[in-house]
Amino acid sequence: MGNNNKTLVYVLGGIAGALLLALVGVLAYNAGKDKSSEEANETNTNTEMAQQQAIAPMGATSTDIAPEAARPAAPDPEPQVDARTQSHWHLVGTIAGKGVVMDLENYGGSVSGSYYYKKFGANSILKLNGDIDGSGNINLTEFNSDRGYDTGWLNGHLTSSGALTGSFTNSNGNTYRVSLKVR
């Protein structure tokens, strides 16, 4: 057999295979009409992938033809809990670029707790009292029991994902950046 005849046989064989797969796909589609729409959609997707593979050039893979159909579906993301609605926040981050650990309790908008600078450890705890609104705007007053008076004010915003950003102003009027995250 000559090269032209061999090529013709390969082409006709590919066309016959594609037609056979299309026929199987139609039969599978009609048989699946009684199934739920989810099962029918899965059958259609599988049939389409088989048809695309049948007409693909020699050496091509299904991902060369239909990369979207060949990929598994991504799982649904888990629902996120709004951090602003929690009754306790354990936050870690920085105030003025210094590492801090903060624990706050939320009593329906009234907030109290404490924090310490990692450098000094839990032996140097500063008390906090204030409030948070439904949008996450938070205002806290720092009270230093060693000094016996208010020593600073934290004004910030707590996001639903648990990021607390804002500013801290000390009793000398110096303002510093606050960047904390609920852990």
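**Exercise 1. Describe the overall build of the protein: how many helices and strands does it have, and in what order do they come?**

Solution. Start by counting elements: this predicted model has four helices and eight strands. Next, walk along the sequence, and the pattern reads α-α-α-α-β-β-β-β-β-β-β-β. Then turn to the surface. The protein exposes about 12,000 Å², and carbon and sulfur atoms supply 53% of that area. Of the 183 residues, 25% are buried. Finally, look at the contacts with a separation of 6 or more: residues 24 or more positions apart account for 26% of them.

**Exercise 2. Find out which strands pair with β1, and how they run.**

Solution. Begin with β2. Eight bridges join β1 to β2, and the two strands run antiparallel. One pair to look up in the structure is His-88, which stands opposite Glu-105 in β2. Now go to β8: five bridges join β1 to β8, again with an antiparallel course. Here you can look up two pairs. Val-92 stands opposite Lys-181, and Leu-91 has Val-182 as its bridge partner. Taken together, β1 has bridges to β2 and to β8.

**Exercise 3. Work out how many residues separate the strands in the β1–β2 hairpin and in the β7–β8 hairpin, and which turn residue of each has a positive phi.**

Solution. Take β1 and β2 to begin with. Their hairpin has two residues between the strands, and Ala-96 in the turn has a positive phi of about 55°. Ala-96 lies in the loop between β1 and β2. What makes this residue worth a look? Most residues other than glycine have a negative phi. Ala-96 has its positive value although it is not a glycine. As for solvent, Ala-96 counts as partly exposed because its relative accessibility is 32%, between the 20% and 50% cut-offs.

Move on to β7 and β8. Seven bridges join these antiparallel strands, with Ser-167 opposite Arg-177 in β8 as one of the pairs. Four residues lie between the strands of this hairpin, and Gly-173 in the turn has a positive phi of about 90°.

**Exercise 4. Decide whether Asn-106 is buried or exposed, and list what its side chain reaches.**

Solution. Locate the residue: Asn-106 sits in strand β2, which covers residues 98-107. Its relative accessible area is 13%, so Asn-106 is buried, given that the cut-off is under 20%. Now follow the side chain of Asn-106. In one polar contact, it reaches the backbone nitrogen of Gly-109 at 2.9 Å. In another, a polar atom of this side chain lies 3.4 Å from the backbone oxygen of Gln-86. To finish, leave out residues up to four places away in sequence: Asn-106 then touches Arg-84, Gln-86, Ser-87, Trp-89, Val-111 and Ile-132.

**Exercise 5. Identify the residues of the largest nonpolar core that touch the most other members, and trace which elements supply the core.**

Solution. The core holds 21 residues, and those touching the most other members are Ile-95, Met-102, Leu-104 and Tyr-115. Elements giving two or more residues to this core are β1, β2, β3, β4, β5, β6, β7 and β8. Zoom in on Leu-104. Not counting residues up to four places away in sequence, its contacts include Trp-89, Leu-91, Val-111, Leu-128, Ile-138 and Leu-140.

**Exercise 6. Count the salt bridges and judge how exposed the partners are.**

Solution. The count comes to one salt bridge. The side chains that meet in it belong to Asp-82 and Arg-84, with an N to O distance of 3.1 Å. Asp-82 has a relative accessible area of 25%, so this residue is partly exposed. Arg-84, at 24%, is therefore partly exposed as well. Arg-84 also appears among the residues that Asn-106 touches.

**Exercise 7. Place Asp-150 in the fold and name its contacts.**

Solution. Asp-150 belongs to strand β6. Its relative accessible area of 37% is why Asp-150 counts as partly exposed. Leaving aside neighbours within four places in sequence, Asp-150 is in contact with Thr-141, Glu-142, Phe-143 and Ser-171. For a last step, compare sequence with space: Asp-150 and Leu-128 are 22 residues apart in sequence, and their C-alpha atoms are 9.4 Å apart.

Terms used
Residues are numbered from 1 along each chain as its sequence is written. This is a predicted model: local features need pLDDT of at least 70, side-chain atom pairs count only at pLDDT 80 or more; totals for chains, interfaces and linings use all residues. Side-chain values use heavy atoms; hydrogens and water are left out. Buried means under 20% relative accessible area, exposed over 50%, partly exposed in between (1.4 Å probe, protein chains only). A polar contact is a pair of N or O atoms within 3.5 Å; within protein, one must be able to donate a hydrogen and the other to accept it, and residues adjacent in sequence count only if both atoms are side-chain atoms. Contact means heavy atoms within 4.5 Å. A nonpolar core is a set of buried Ala, Val, Leu, Ile, Met, Phe, Trp, Tyr and Cys residues joined through side-chain atoms within 4.5 Å. Accessible areas come from the Shrake-Rupley method with a 1.4 Å probe; for residues, only the protein chains shown count as cover. Two strands pair if DSSP finds at least two bridges between them. A salt bridge is a side-chain nitrogen of Lys or Arg within 4 Å of a carboxyl oxygen of Asp or Glu.
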